Amino acid sequence: MILTGWHEDLLNPAYDPAKQHWEHVTVPSEAERAQNKVTPNSALFMTAEGSRADVLAVRRGSVAVYRYAYWQHTKTRARIHLCSYVLADLVTTITGEGADREVDSHVEPEDYYAHLEREHGPLRWTTSVHAQMPYIETYEDLGMEPIGTPLLVIRRIMLSRHGRPLEFTEIDAPGDRFEVAAVSDYNSAEPRGLSALRV
(Lines give C-alpha, C1' and ligand atoms only; values in the text may rest on other atoms or scores of the structure.)
Protein backbone atom coordinates (compact mmCIF):
# COMPACT_ATOMS: atom_id res chain seq x y z
CA MET A 1 0.00 0.00 0.00
CA ILE A 2 1.16 3.54 -0.70
CA LEU A 3 -0.53 6.39 1.15
CA THR A 4 -0.31 9.24 -1.33
CA GLY A 5 -1.39 11.65 1.37
CA TRP A 6 2.03 11.18 2.94
CA HIS A 7 4.05 14.18 1.96
CA GLU A 8 7.32 12.35 1.39
CA ASP A 9 9.34 12.77 -1.76
CA LEU A 10 8.95 9.31 -3.26
CA LEU A 11 11.54 10.16 -5.94
CA ASN A 12 14.19 11.28 -3.45
CA PRO A 13 17.35 9.24 -4.14
CA ALA A 14 17.50 8.48 -0.41
CA TYR A 15 13.89 7.24 -0.17
CA ASP A 16 13.73 3.51 0.55
CA PRO A 17 10.49 1.92 -0.74
CA ALA A 18 11.29 -1.30 1.14
CA LYS A 19 9.53 0.02 4.25
CA GLN A 20 6.29 -0.22 2.25
CA HIS A 21 7.18 -3.63 0.75
CA TRP A 22 8.43 -2.28 -2.59
CA GLU A 23 11.74 -2.56 -4.39
CA HIS A 24 13.31 -0.66 -7.26
CA VAL A 25 13.18 -2.55 -10.54
CA THR A 26 14.77 -2.01 -13.94
CA VAL A 27 12.34 -2.40 -16.82
CA PRO A 28 13.44 -3.28 -20.40
CA SER A 29 12.74 0.20 -21.75
CA GLU A 30 15.16 1.74 -19.28
CA ALA A 31 18.02 0.44 -21.45
CA GLU A 32 16.86 2.83 -24.17
CA ARG A 33 16.44 5.67 -21.70
CA ALA A 34 19.96 5.07 -20.38
CA GLN A 35 21.33 5.96 -23.81
CA ASN A 36 19.92 9.44 -23.20
CA LYS A 37 21.55 9.57 -19.76
CA VAL A 38 18.24 9.14 -17.94
CA THR A 39 18.52 6.86 -14.93
CA PRO A 40 16.00 6.23 -12.14
CA ASN A 41 15.78 9.03 -9.56
CA SER A 42 18.20 11.23 -11.51
CA ALA A 43 17.22 14.81 -12.35
CA LEU A 44 16.64 15.59 -16.02
CA PHE A 45 15.86 19.11 -17.20
CA MET A 46 13.14 19.22 -19.82
CA THR A 47 10.41 21.52 -21.07
CA ALA A 48 6.90 21.19 -19.69
CA GLU A 49 4.41 20.72 -22.50
CA GLY A 50 0.71 19.92 -22.79
CA SER A 51 -1.01 18.67 -19.66
CA ARG A 52 2.19 18.84 -17.59
CA ALA A 53 2.40 22.59 -18.19
CA ASP A 54 -1.30 22.88 -17.37
CA VAL A 55 -0.87 21.05 -14.05
CA LEU A 56 2.03 23.31 -13.09
CA ALA A 57 0.12 26.40 -14.33
CA VAL A 58 3.03 27.58 -16.48
CA ARG A 59 3.38 28.40 -20.16
CA ARG A 60 4.40 25.59 -22.47
CA GLY A 61 8.15 25.43 -22.88
CA SER A 62 8.88 26.28 -19.24
CA VAL A 63 11.71 24.20 -17.79
CA ALA A 64 10.92 21.47 -15.27
CA VAL A 65 13.02 18.89 -13.43
CA TYR A 66 11.87 15.35 -14.30
CA ARG A 67 12.60 12.29 -12.14
CA TYR A 68 11.22 8.77 -12.42
CA ALA A 69 11.43 5.28 -10.97
CA TYR A 70 9.79 1.86 -11.29
CA TRP A 71 8.85 -0.09 -8.19
CA GLN A 72 7.83 -3.72 -7.86
CA HIS A 73 5.85 -5.10 -4.95
CA THR A 74 7.98 -7.65 -3.11
CA LYS A 75 5.12 -10.15 -2.67
CA THR A 76 2.82 -9.77 -5.68
CA ARG A 77 5.55 -8.64 -8.16
CA ALA A 78 3.11 -6.01 -9.48
CA ARG A 79 4.84 -2.94 -10.89
CA ILE A 80 4.14 0.78 -10.75
CA HIS A 81 5.74 3.79 -12.41
CA LEU A 82 6.44 6.99 -10.47
CA CYS A 83 7.45 10.36 -11.88
CA SER A 84 7.88 13.87 -10.53
CA TYR A 85 8.01 17.29 -12.16
CA VAL A 86 9.41 20.24 -10.19
CA LEU A 87 9.46 23.78 -11.61
CA ALA A 88 13.15 24.23 -12.41
CA ASP A 89 13.32 27.92 -11.52
CA LEU A 90 12.54 26.98 -7.91
CA VAL A 91 15.67 24.83 -7.48
CA THR A 92 18.03 26.16 -10.17
CA THR A 93 19.20 29.33 -11.86
CA ILE A 94 18.44 29.34 -15.59
CA THR A 95 20.17 31.72 -17.98
CA GLY A 96 19.77 31.99 -21.74
CA GLU A 97 17.21 30.27 -23.92
CA GLY A 98 17.00 27.33 -26.30
CA ALA A 99 20.36 25.80 -27.26
CA ASP A 100 22.14 28.56 -25.30
CA ARG A 101 20.27 27.80 -22.08
CA GLU A 102 22.42 27.05 -19.04
CA VAL A 103 21.08 25.49 -15.86
CA ASP A 104 22.93 25.90 -12.58
CA SER A 105 21.47 23.68 -9.84
CA HIS A 106 21.67 25.18 -6.36
CA VAL A 107 19.52 22.51 -4.66
CA GLU A 108 20.24 18.77 -4.77
CA PRO A 109 17.30 16.42 -5.57
CA GLU A 110 17.35 14.94 -2.07
CA ASP A 111 16.74 18.45 -0.68
CA TYR A 112 13.95 19.56 -3.05
CA TYR A 113 11.04 19.14 -0.63
CA ALA A 114 12.84 20.69 2.35
CA HIS A 115 13.90 23.66 0.20
CA LEU A 116 10.38 24.20 -1.16
CA GLU A 117 8.93 24.02 2.35
CA ARG A 118 11.42 26.64 3.59
CA GLU A 119 10.91 29.01 0.67
CA HIS A 120 7.20 28.55 -0.11
CA GLY A 121 5.61 26.83 2.88
CA PRO A 122 3.54 25.97 4.65
CA LEU A 123 2.85 23.64 1.75
CA ARG A 124 -0.56 22.26 0.84
CA TRP A 125 -1.39 19.17 -1.18
CA THR A 126 -4.15 17.92 -3.43
CA THR A 127 -4.59 14.40 -4.79
CA SER A 128 -6.67 13.24 -7.73
CA VAL A 129 -7.20 9.92 -9.49
CA HIS A 130 -8.17 9.21 -13.08
CA ALA A 131 -7.99 6.32 -15.51
CA GLN A 132 -6.65 6.26 -19.06
CA MET A 133 -5.66 3.74 -21.66
CA PRO A 134 -1.91 3.01 -21.52
CA TYR A 135 0.56 3.41 -24.34
CA ILE A 136 2.05 0.28 -25.90
CA GLU A 137 5.34 0.63 -23.99
CA THR A 138 3.42 1.00 -20.72
CA TYR A 139 2.04 -2.52 -21.08
CA GLU A 140 5.60 -3.83 -21.30
CA ASP A 141 7.05 -1.57 -18.61
CA LEU A 142 4.41 -2.51 -16.03
CA GLY A 143 4.03 -6.16 -17.05
CA MET A 144 0.41 -5.64 -18.09
CA GLU A 145 -1.56 -7.92 -20.37
CA PRO A 146 -2.41 -6.02 -23.59
CA ILE A 147 -6.12 -6.73 -23.29
CA GLY A 148 -7.51 -3.25 -22.75
CA THR A 149 -6.62 -2.94 -19.08
CA PRO A 150 -6.92 0.70 -17.96
CA LEU A 151 -4.12 2.54 -16.20
CA LEU A 152 -4.81 4.19 -12.83
CA VAL A 153 -3.07 7.57 -12.53
CA ILE A 154 -2.74 9.00 -9.01
CA ARG A 155 -1.57 12.62 -9.12
CA ARG A 156 -0.41 14.50 -6.03
CA ILE A 157 0.20 18.24 -6.49
CA MET A 158 2.31 20.32 -4.10
CA LEU A 159 0.97 23.86 -3.62
CA SER A 160 2.68 26.87 -2.09
CA ARG A 161 1.06 28.82 0.74
CA HIS A 162 -0.44 31.03 -1.97
CA GLY A 163 -1.81 28.09 -3.97
CA ARG A 164 0.86 28.08 -6.70
CA PRO A 165 1.70 24.58 -8.03
CA LEU A 166 5.35 23.81 -7.28
CA GLU A 167 5.65 20.09 -8.06
CA PHE A 168 3.55 17.09 -8.90
CA THR A 169 4.11 13.39 -8.47
CA GLU A 170 2.24 10.79 -10.50
CA ILE A 171 1.93 7.07 -9.89
CA ASP A 172 0.82 4.86 -12.80
CA ALA A 173 -0.58 1.48 -11.78
CA PRO A 174 -2.34 -1.32 -13.72
CA GLY A 175 -6.08 -1.06 -13.10
CA ASP A 176 -6.46 -4.84 -12.78
CA ARG A 177 -3.84 -5.13 -10.01
CA PHE A 178 -4.52 -2.08 -7.84
CA GLU A 179 -7.28 0.05 -6.41
CA VAL A 180 -7.30 3.52 -4.90
CA ALA A 181 -9.13 3.98 -1.61
CA ALA A 182 -9.95 7.03 0.50
CA VAL A 183 -8.59 6.82 4.03
CA SER A 184 -9.63 9.06 6.93
CA ASP A 185 -7.33 9.89 9.81
CA TYR A 186 -9.80 9.80 12.69
CA ASN A 187 -7.10 10.09 15.36
CA SER A 188 -6.23 13.60 14.28
CA ALA A 189 -7.88 16.69 15.72
CA GLU A 190 -8.51 17.68 12.11
CA PRO A 191 -9.28 14.56 10.06
CA ARG A 192 -7.57 14.76 6.70
CA GLY A 193 -8.31 12.72 3.63
CA LEU A 194 -5.66 10.39 2.30
CA SER A 195 -5.58 8.30 -0.84
CA ALA A 196 -4.10 4.84 -0.59
CA LEU A 197 -2.91 2.75 -3.53
CA ARG A 198 -3.65 -0.85 -2.55
CA VAL A 199 -2.46 -4.07 -4.15
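Ser-84 is buried in this predicted model, because its relative accessibility of 0% falls under the 20% limit for a buried residue. Ser-84 is placed in strand S5. Its side chain is joined to that of Glu-167 by a polar contact of 2.8 Å. When residues up to four places away in sequence are not counted, Ser-84 touches Leu-11, Val-65, Tyr-66, Arg-67, Glu-167, Phe-168 and Thr-169.

One of the residues touched by Ser-84 is Arg-67, which leads to the charged pairs. Side chains of opposite charge can pair when their charged atoms come close. A search of the whole structure yields 6 salt bridges, among them the three listed here.

| Salt bridge | Closest N and O atoms |
|---|---|
| Arg-67 with Asp-9 | 3.0 Å |
| Asp-89 with Arg-164 | 4.0 Å |
| Arg-155 with Glu-170 | 2.7 Å |

The salt bridge between Arg-67 and Asp-9 has its closest N and O atoms 3.0 Å apart. Arg-67 belongs to strand S4 (residues 62–73) and Asp-9 to the loop between S1 and S2, so this pair ties together parts that are 58 residues apart in sequence. Both partners are buried: Arg-67 has a relative accessibility of 0%, and Asp-9 has a relative accessible area of 7%.

What else surrounds Asp-9? The loop that holds Asp-9 runs between strand S1 (2–3) and strand S2 (22–24). With its neighbours within four places in sequence left aside, Asp-9 is in contact with Tyr-15, Arg-67, Pro-109 and Tyr-113. The side chain of Asp-9 also reaches the backbone nitrogen of Leu-11, at 3.1 Å. Leu-11 is in turn one of the residues that Ser-84 touches.

The salt bridge of Asp-89 with Arg-164 has a closest N and O separation of 4.0 Å. Asp-89 is in the loop between strand S5 (79–87) and strand S6 (92–95), while Arg-164 is in the loop between strand S9 (151–159) and strand S10 (165–174); the pair therefore ties together parts that are 75 residues apart in sequence. Arg-164 counts as partly exposed, because its relative accessibility is 36%, a value in between the limits of 20% and 50%.

In the third listed pair, Arg-155 and Glu-170 bring their closest N and O atoms to 2.7 Å. Arg-155 lies in strand S9 and Glu-170 in strand S10, so parts that are 15 residues apart in sequence are tied together. Arg-155 is buried, at 17% relative accessibility, and Glu-170 is buried as well, with a relative accessible area of 12%.

The pocket is considered last. Rolling a probe the size of a water molecule over the atoms shows where empty space is left. The largest pocket holds about 640 Å³ of space. It is lined by 26 residues, of which Arg-52, His-81, Tyr-85, Tyr-135 and Asp-172 are the closest to its centre. Two or more lining residues each come from strand S3 (44–48), helix H2 (50–56), S4, S5, strand S8 (124–132), helix H4 (136–141), S9 and S10.

Which classes of residue make up this lining? The lining of the largest pocket has 13 nonpolar, 5 polar and 8 charged residues. Strand S5, where Ser-84 is placed, is among the elements that give two or more residues to the lining.

Definitions and conventions. Residues numbered from 1 in each chain as written. Predicted model: local features only at pLDDT ≥ 70, side-chain atom pairs only at ≥ 80, totals over all residues. Heavy atoms only, no water. Helix = DSSP H or I, 4+ residues; strand = E, 2+ residues; numbered from the N terminus. Polar contact = N/O pair within 3.5 Å; in protein donor to acceptor, adjacent residues only side chain to side chain. Contact = heavy atoms within 4.5 Å. Salt bridge = Lys/Arg side-chain N within 4 Å of Asp/Glu carboxyl O. Buried < 20%, exposed > 50% of the residue type's maximum accessible area, 1.4 Å probe, protein only. 1 Å grid on protein atoms, 1.4 Å probe; cavity = no way out; pocket = protein on both sides within 12 Å on 5 of 7 lines; lining within 4 Å. Points joined across faces, edges and corners; volume = space filled by probe spheres on them. Nonpolar A, V, L, I, M, F, W, Y, C, P; charged D, E, K, R; others polar.
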